[in-house]
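Trainee: Please take one part of this model and go through it closely. I would like a single connected account rather than a list.

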Amino acid sequence: MNFSPMELLFACFLCFFSLFVSGFRPDFPLLDFEEGYNPLFGDDNLVVLKDGKSVHLHLDERTGSGFVSQDLYLHGFFSASIKLPSDYTAGVVVAFYMSNGDMFAKNHDEIDFEFLGNIRGKDWRIQTNIYGNGSTSIGREERYGLWFDPSEDFHEYTILWTQSLIIFYVDNVPIREAKRTATMGGDFPSKPMTLYATIWDGSTWATNGGKYKVNYKYAPYIAEFSDFILHGCAIDPTDQSSSCDHSQNSNPIPSGITPSQRAKMESLRKKHLTYSYCYDRIRYKAPPPECVINPAEAERLRVFDPVTFGKGRRHRGKIHHHSLLNQAESTASA
């Protein structure tokens with residue numbers, strides 16, 4: 001049965017009709033790796049632990065590694081606990097993100113968490129980014145320093161994506177809220193996406209604009225993942241139908257940020273935000289139209305060095321995979 005785009009959106013709206021605003025992470029079930037994900041690349045550089053609940057992604061001189069969700073999703077709550085490599089990690093990039101680039105090469109959507117390694121004695125940094133409808137000419141990156149050592153223990157990283165907003169959380173505290181505005185047009189992610197997690201060599205840009213590169217003397221670099229949550233509106237790629245759970249007993253997800261969460265977010269951003277595309281006068285003569293300029297924030301961010309970004313940087317190494325759509329079509333015709 002085929003559904004129009006409007007019918008799909010309405011189905012997913014019904015799926016999330018009971019959304020509520022909560023200051024706590026909803027009690028969504030944790031998945032075993034094989035319940036929700038498949039290996040993407042890296043062969044034996046991807047290690048599923050015996051309990052089936054945790055995965056190690058390795059980066060060495062041969063290749064990085066990664067995994068991908070089995071389903072496509074149109075909106076939802078997506079989370080994983082991640083422990084990053086320690087010691088010298090310059091040039092190393094760990095990513096937890098959503099994308100549909102395999103299906104929409106020229107007009108893809110993307111929602112990113114990227115973790116950028118550093119030289120010994122310097123901290124990891126988080127970068128978030130959003131693309132919609134192939135709008136890669138306008139990078140919407142933000143970068144943050146961390147208020148903990150992400151290599152000492154697991155921390156939870158979450159993407160909340162609805163029809164009207166995207167929120168990035170760290171340990172259940174929002175660090176960024178991106179609202180859909182009329183001025184963004186098609187730049188807001190609006191097509192079904194899959195979840196990805198990867199580790200790869202970003203030596204050309206990730207640390208001080210490429211000044212410090214991956215040193216394989218410290219390999220393998222290992223990123224650990226656990227506590228997988230994939231709670232969203234799953235889409236069948238063969239007929240674009242929705243498999244949302246419409247039951248009243250299904251767990252609702254947050255629909256926004258509470259006043260207490262917003263206060264925490266604003267405090268965190270004042271202390272730890274080091275870059276926002278809205279204030280980058282080198283890249284943009286005028287801020288992109290959705291930006292709301294805070295003069296105090298603009299002045300504070302002036303002290304940080306210019307930021308260098310890479311291109312085409314998600315899928316590194318020898319990757320032999322097809323889009324979920326092609327996979328599904330091949331299966332259907334077999």
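Mentor: Start with strand 5, residues 72-83, in this predicted model. Is the strand mostly covered or mostly open? Mostly covered: of its 12 residues, 11 are buried. Buried here means under 20% relative accessible area.

Now look at the partners of strand 5. One is strand 14, residues 221-235. The two run antiparallel and are joined by nine bridges. Within that pairing, K83 has E224 of strand 14 as its bridge partner. The other pairing to follow is with strand 10, residues 155-161. It is antiparallel as well, with seven bridges. There, S81 stands opposite E156 of strand 10.

Next, place these strands in the sheet. Seven strands make up an open sheet, and their order is 2-3-14-5-10-11-12. Strand 5 thus sits between strand 14 and strand 10 in that order. The pairing is antiparallel. Which strands stand at the edges? Strand 2 (46-48) and strand 12 (173-179) do. Each has a single partner strand, so one side of each is left without a neighbour in the sheet. From one strand to the next, the twist averages 20°.

Move along to the edge at strand 12. Strand 11, residues 165-170, pairs with strand 12 in the antiparallel sense, over six bridges. In that pair, Y169 is matched with P174 of strand 12 as its bridge partner. Helix 3, residues 259-272, packs on the sheet here and touches both strand 11 and strand 12. The direction of helix 3 makes about 95° with that of strand 12.

That leads to the largest pocket. How much space lies in it? About 790 Å³. The lining counts 25 residues, and the closest to the pocket centre are E142, E177, R269, V292 and E297. Strand 12 and helix 3 come back at this point: together with helix 4 (295-301), each supplies at least two lining residues. Helix 3 gives the largest share, five residues. By class, the lining holds 12 charged, 10 nonpolar and three polar residues.

To put it together, follow the order of the sheet from strand 5 through strand 10 and strand 11 to strand 12. Strand 5 is mostly covered. Strand 12 stands at an edge, is touched by helix 3, and supplies part of the lining of the largest pocket.

Methods:
Residues are numbered from 1 along each chain as its sequence is written. This is a predicted model: local features need pLDDT of at least 70, side-chain atom pairs count only at pLDDT 80 or more; totals for chains, interfaces and linings use all residues. Side-chain values use heavy atoms; hydrogens and water are left out. Two strands pair if DSSP finds at least two bridges between them. Helices (H or I, at least four residues) and strands (E, at least two) are DSSP runs, numbered from the N terminus. Axes are lines fitted to C-alpha atoms, for helices over the stretch in contact, and angles run from 0 to 180 degrees between N-to-C directions. Contact means heavy atoms within 4.5 Å. On a 1 Å grid over the protein atoms alone, a cavity is a set of points where a 1.4 Å probe fits but cannot get out, and a pocket is an open set with protein on both sides within 12 Å along at least five of seven lines; lining residues have an atom within 4 Å of a point. Grid points are joined across faces, edges and corners, and a volume is the space filled by probe spheres set on the points. Ala, Val, Leu, Ile, Met, Phe, Trp, Tyr, Cys and Pro count as nonpolar, Asp, Glu, Lys and Arg as charged, and the others, Gly among them, as polar. Buried means under 20% relative accessible area, exposed over 50%, partly exposed in between (1.4 Å probe, protein chains only).
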